[in-house]
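Trainee: I'd like to go through this one with you and ask how each label gets earned. Can we put it up first?

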Amino acid sequence: MSSRRGSRVYNCVVVVICIALFIRLSVIFCWTPYCKSVLQSTLSNDHSSNMSSLRVVSSKLAAQIDQELMGPKIGFTLQQLMELAGLSVAEAVQREFPPAATRKGVLIVAGPGNNGGDGLVCARHLKLFGYDPVVYYPKRSSRTEFYGQLVKQLDFFNVPVLSETENWTQYLNPDRTLCVVDAIFGFSFKPPMREPFAEIIKRLHAVQESVPIVAVDIPTGWDVDAGPVEKPHLTPKVFVSLTAPKPCTNHIDPAKTVHYVGGRFIPQEFAQQHGFEQFDYKGVNQILKL
Ligand SMILES: NC(=O)C1=CN([C@@H]2O[C@H](COP(=O)(O)OP(=O)(O)OC[C@H]3O[C@@H](n4cnc5c(N)ncnc54)[C@H](O)[C@@H]3O)[C@@H](O)[C@H]2O)[C@H](O)CC1
Ligand SMILES: [K+]
């Protein structure tokens with residue numbers, strides 16, 4: 001009797017040991033790689049994430065890159081980067097909407113920050129490329145004297161710069177305007193959209209099928225990470241990511257939007273160190289179609 005009970009206890013102990021062994025092995029072989037991959041993806045999301053073959057940089061990394069580029073070690077100035085950014089957007093306009101003898105108007109809508117500054121620079125280059133650009137600049141920042149200097153340069157090139165109360169909507173006419181450059185807000189936009197920009201976006205949204213939009217860095221009203229968060233939201237025909245595409249570019253529909261990267265101011269080694277794609281720009285081109 002007692003030997004039968006002993007063997008039952010023995011069997012129970014063996015079964016418990018087997019179950020414990022099974023659990024331990026499944027943790028080692030199944031869960032550890034899973035946990036590792038989750039950890040890795042969390043870490044990489046913090047810096048750059050690999051979406052299909054295109055690498056996008058998070059807003060956090062984009063800000064860090066900007067700081068480094070304009071920091072004491074590298075020594076770029078904002079003005080230099082803006083000049084190259086504006087030039088690359090002008091090149092994208094030229095590639096997608098070449099000026100015709102009868103139609104060479106481009107409306108540039110500029111916001112109060114650096115995205116707006118890119119637009120002011122772009123307008124000057126478009127004039128040199130043979131377009132008739134007009135800038136609508138409703139809220140002018142006095143943050144630095146530089147924006148004022150960009151406006152003076154546009155005066156010098158005979159490019160009209162309209163203020164808030166002037167009639168800008170007359171340029172939303174496909175018979176005279178090839179495209180609208182959206183240089184209102186870039187990666188520092190925080191919803192909700194305030195006036196007068198909410199009304200401007202409504203007007204641009206209403207005509208975007210007939211007067212295509214070229215978005216500078218981020219379409220206005222899109223969140224740099226989450227994409228289109230505002231309603232209505234702009235769907236640009238041309239999207240020019242500066243330095244590197246941000247996560248919102250995963251919301252691009254390739255059937256509706258042509259995507260370029262521009263702002264060619266990064267050496268290959270720098271891109272490699274920060275783990276994002278080393279874009280293979282050709283020759284003297286300032287943009288690369290993705
Ligand atoms: N290295 C690069 O990639 C470079 C990018 N550049 C461009 O700079 C912008 C980012 O510029 P920043 O000045 O930081 O911000 P924004 O222009 O996006 O906007 C700031 C501006 O907007 C106002 N604002 C924010 N949210 C709202 C809102 N909901 N309603 C109304 N107004 C709003 C805010 O108060 C500020 O006045 C980047 O995207 C690139 O395009 C540079 O050219 C340098 C190189
Ligand atoms: K924009």
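Mentor: What follows is a walk through a predicted model, label by label.

Trainee: What makes up the protein chain, in helices and strands?
Mentor: There are 7 helices and 12 strands. Of the 290 residues, 36% count as buried. As for contacts with a separation of 6 or more, 72% are between residues 24 or more positions apart.

Trainee: Why is Thr243 called buried or exposed, whichever it is?
Mentor: Set the count against the cut-off: buried needs 20 or more other C-beta atoms within 10 Å. Thr243 has 24 C-beta neighbours inside 10 Å, so it counts as buried. You'll find Thr243 in the loop between E10 and E11.

Trainee: And Asn158, buried or exposed?
Mentor: The cut-off for exposed is 12 or fewer. Asn158 has 8 C-beta neighbours inside 10 Å, so it goes down as exposed. Asn158 is in the loop between helix H5 (145–156) and E5.

Trainee: What makes the phi of those two worth flagging?
Mentor: Most residues other than glycine have a negative phi. Asn158 isn't a glycine, yet its phi is positive, near 60°. Thr243 isn't one either, and its phi is positive at about 70°.

Trainee: Which peptide bonds are cis, and how do you know?
Mentor: Look at omega. The bond joining Pro191 and Pro192 is cis, with omega about 5°. From Glu195 to Pro196 the bond is cis too, with omega near 10°. For background, most peptide bonds are trans. Pro192 sits in the loop between E6 and helix H6 (197–207), and Pro196 is found in the loop between E6 and H6 as well.

Trainee: What makes E10 count as largely enclosed?
Mentor: Use the buried label again, residue by residue. 5 of the 5 residues of E10 are buried, so the rest of the structure largely encloses this strand. Val238, Val240 and Leu242 point one way, Phe239 and Ser241 the other way, and all are buried.

Trainee: How do you know that E10 pairs with E7 and E11?
Mentor: Count bridges: pairing takes at least two between the strands. Strand E7 (residues 213–216) and E10 have 3 bridges and run in the parallel sense, so they pass that cut-off. E10 (residues 238–242) and E11 (residues 258–262) have 5 bridges, again in the parallel sense. If you want to click through it, Phe239 has Ala215 opposite it on the E7 side and His259 as its bridge partner in E11. Val240 stands opposite Tyr260 in E11.

Trainee: Why is the pairing of the sheet called mixed?
Mentor: The open sheet of 8 strands runs E5-E4-E3-E6-E7-E10-E11-E12, with mixed pairing. For a parallel example, 6 bridges join strand E3 (residues 105–110) to strand E6 (residues 177–183), where Ala110 has Ala183 as its partner. For an antiparallel one, 3 bridges join E11 to E12, and Tyr260 has Lys289 as its bridge partner in E12.

Trainee: What makes a strand an edge strand here, and which ones are they?
Mentor: An edge strand pairs on one side only, and here those are E5 (161–162) and E12 (287–289).

Trainee: Which residues sit at the heart of the contacts in the largest nonpolar core?
Mentor: That core has 68 residues, and Val89, Ile108, Val135, Val181, Val214 and Val240 touch the most other members. The largest share, 8 residues, comes from H3. Leaving out residues up to four places away in sequence, Val181 touches several residues, among them Val89, Ile108 and Val214.

Trainee: How do you know that the span of H3 fits a helix?
Mentor: Compare it with the expectation. H3 has 19 residues and its first and last C-alpha are 27 Å apart, close to the 27 Å expected at 1.5 Å a residue. Its buried residues include Leu81, Met82, Val89 and Val93.

Trainee: What surrounds ligand 1?
Mentor: 30 residues do, and the closest are Gly113, Asn114, Asn115, Gly186 and Ser188. The elements giving two or more residues to that shell are H3 (78–96) and H4 (114–128), with the largest share, 5 residues, coming from H4. By class, the shell has 15 nonpolar, 10 polar and 5 charged residues.

Conventions. Residues numbered from 1 in each chain as written. Chains lettered and ligands numbered in written order. Predicted model: local features only at pLDDT ≥ 70, side-chain atom pairs only at ≥ 80, totals over all residues. Near = placed C-beta within 6 Å. Helix = DSSP H or I, 4+ residues; strand = E, 2+ residues; numbered from the N terminus. Nonpolar A, V, L, I, M, F, W, Y, C, P; charged D, E, K, R; others polar. Core = buried A, V, L, I, M, F, W, Y, C linked by C-beta atoms within 7 Å. Contact = placed C-beta atoms within 7 Å. Expected span 1.5 Å × (residues − 1).
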